[in-house]
Amino acid sequence: MSNPPETSLQSEKALKRLRRRRAADTRFRMYGLAALGFALFSLVFLISAIAWKASGAVTYHVVKTDIVLTPERIAPDGNASPEEITRNIEGFYTLVRDDLFARFPNAGDSLPVRQDFSALVDRLAVLPLARRVARHPSLIGQSVTVKVPVSDDVDLFLKRSSPRSIPFRIGAGAQISPGQGSGMVLTQPDLDSVRATLTALGEQDGVPSVFVTSKGAVARLSDLGEEAATFELLAGDVADFEGTPLKGLIVTVPESRRTISDLQIAWALALRSEGVIRRVPHTSLLTRTDSTYPELAGSLAAIVGSLLTMLVTGMVAIPMGIFAAIFLEEFAPKNRLTQLIEVNINNLAAVPSIVFGLLGATLLLGTFGLPRSAPLVGGLVLALLILPVVIIAARAALRAVPPSIRSGALAVGASRMQAVFHHVLPLAFPGMLTGAILGMARALGETAPLLLIGMVAFVAEVPSSTTDEATALPVLIYSWASNAERAWEPMTAAVIVILLALLVIMNVIVVMLRRKFERRW
């Protein structure tokens, strides 16, 4: 049986070209899948890294104790007005500090020791308590339960974030006996892991600290022998260590190279074991305003400032952008002037955002004298920034409407205005919403224009109007990331998560509106 004759479509050259095209299609699909996979991996990695860093700010440690609001401390001059009560921060702080002092009788032996002990809690940490008593003066003279955040250094240590610490356990065969002075001796302790760790750390600028804890008592290693170890008591008595399992902790960084002392570590460990220091959800991150102390700082003022700024931006940019797009696409004559306007709109969409910040600082603040650091000014600057994006997206949505819609409306007697607003605009509106939300999302994440108009100022009160002094979430992130303290790192990541959550909420709202209008029309 003879082979069929070759044709131009079945020749060897045609088959080779076909195989090359199919191989090229396969490679293109593989490249596309690889690019999509890389983008997805990068996104997941970025979000995971931010979430992991922000997890440290989800909780924080507070001192929970009962104190009596004595009138001598709350209103020493007999003036119990809300203003004087709120101003008397020192009185509330003294009540909390004295309550903690009573748990460690030896903490007040010398001025340096008292200063170290006082650093466990910052003075401004009692400000919410002072405001609470100012609102309810009837609490004076009563016993109340207070929750006061510990200092950022203590909080980081208890979270084992900084300095690095390694826990260990001591076997049940250890015998405890009193030592010389305020010390104790552990005979035949199981401290092989401690020896190995200290050997691995090698020589440093100082000696790492080793602690043992039990029943609220804490001791520090002073001498490590072959069969016995000598500890110095920092909190509690020798009797607290007898008959109970001992827990140990090695602080790998020498005391001279860290911001928290051995005494502060001992007091914090003792208070935590007694239940006085507890780890609680960090809800104040959403309910408090900015502060110079990480443990007291919150993002409420920045959240409200961002929402007010976005309100002004949306009210100015979205209607103006949509109506400008309708005019340019449906009513404007096609001449050189409109072509020049279109070119400038496209060019403005690519202008760096800092240029708009300079424009706002010069024109709005310098010429018109609008209030500095106000959401009104920030919203106007961001409206100018996203206006070209809104116009371009709205024009693209109008072009996507079939010309037959316009022709049909005009054919049944509708005017040009009626055809556009009654027939074309409803069909193009979902696409316009997409462009508007893209512009709003860009505006929500902008920092440079807001810095130039002064919204980087420290804001301690929640703004109540668009003319009040305010800041925004991107500026708060920039400000906190610039601080040197280690405690600001998880706080900054947590605010980034809040900003991303607002972006997701905005996109969800737009998707819902798109579906609603698509079903309607």
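A residue counts as buried here when its relative accessible area is under 20%. In this predicted model, Trp267 comes in at 3%, so Trp267 is buried. Phe104 falls on that side of the cut-off too: its relative accessible area is 7%, and Phe104 is therefore buried.

These two residues also meet through their rings. The ring centres of Phe104 and Trp267 sit 6.5 Å apart and the planes make 50 degrees, so the pair is tilted. Phe104 belongs to the loop between helix 4 (89-101) and helix 5 (111-118), whereas Trp267 belongs to helix 9 (residues 262-273), so the ring pair ties together parts that are 163 residues apart in sequence. The pair has company as well, since ring pairs link Phe101, Phe104, Phe117 and Trp267 into a cluster.

Counting aromatic pairs in this way gives six. One of them is formed by Phe41 and Phe45, with ring centres 6.2 Å apart and planes at 25 degrees; an angle under 30 degrees counts as stacked, so this pair is stacked. Both residues are part of helix 1 (residues 12-54), where four residues, or about one turn of the helix, separate them. As for the surroundings, Phe41 and Phe45 are both exposed, whereas Phe104 is buried and so is Trp267.

Turning to the strands, three of them make up an open sheet with antiparallel pairing, in the order 2-1-10. Strand 2 (143-149) and strand 10 (277-281) are the edges, each pairing on one side only. On average, and with direction ignored, neighbouring strands of this sheet are turned by 40 degrees against each other. Strand 1 (residues 59-68) and strand 10 run antiparallel and are joined by five bridges. Thr59, for instance, has Pro281 in strand 10 as its bridge partner. Helix 4 packs on this sheet, where it touches strand 1 and strand 2, and the direction of helix 4 makes about 90 degrees with that of strand 1.

Another spot worth a look is Glu329, which is found in helix 11 (residues 300-331). Its relative accessible area is 18%, and with the cut-off for buried set at under 20%, Glu329 is therefore buried. Leaving aside residues up to four places away in sequence, Glu329 touches Lys334, Arg395, Leu398 and Arg399. With Arg399 there is also a polar contact: the two side chains are joined at 3.4 Å.

Finally, the chain as a whole. Its secondary structure adds up to 19 helices and ten strands. The radius of gyration of the protein chain is 34 Å, whereas a compact globule of 521 residues would have one near 24 Å. Along the principal axes, the C-alpha atoms fill a box of roughly 105 × 95 × 40 Å. Buried residues make up 42% of the 521 residues in the protein chain. Among contacts in the protein chain with a separation of 6 or more, 74% come from residues 24 or more positions apart.

Conventions: Residues are numbered from 1 along each chain as its sequence is written. This is a predicted model: local features need pLDDT of at least 70, side-chain atom pairs count only at pLDDT 80 or more; totals for chains, interfaces and linings use all residues. Side-chain values use heavy atoms; hydrogens and water are left out. Helices (H or I, at least four residues) and strands (E, at least two) are DSSP runs, numbered from the N terminus. Buried means under 20% relative accessible area, exposed over 50%, partly exposed in between (1.4 Å probe, protein chains only). A polar contact is a pair of N or O atoms within 3.5 Å; within protein, one must be able to donate a hydrogen and the other to accept it, and residues adjacent in sequence count only if both atoms are side-chain atoms. Contact means heavy atoms within 4.5 Å. Rings of Phe, Tyr and Trp (its six-membered ring) pair if their centres lie within 6.5 Å; planes under 30 degrees apart count as stacked, over 60 as edge-to-face and the rest as tilted. Two strands pair if DSSP finds at least two bridges between them. Axes are lines fitted to C-alpha atoms, for helices over the stretch in contact, and angles run from 0 to 180 degrees between N-to-C directions. The radius of gyration is taken over C-alpha atoms; the globule rule is 2.2 Å times the number of residues to the power 0.38.
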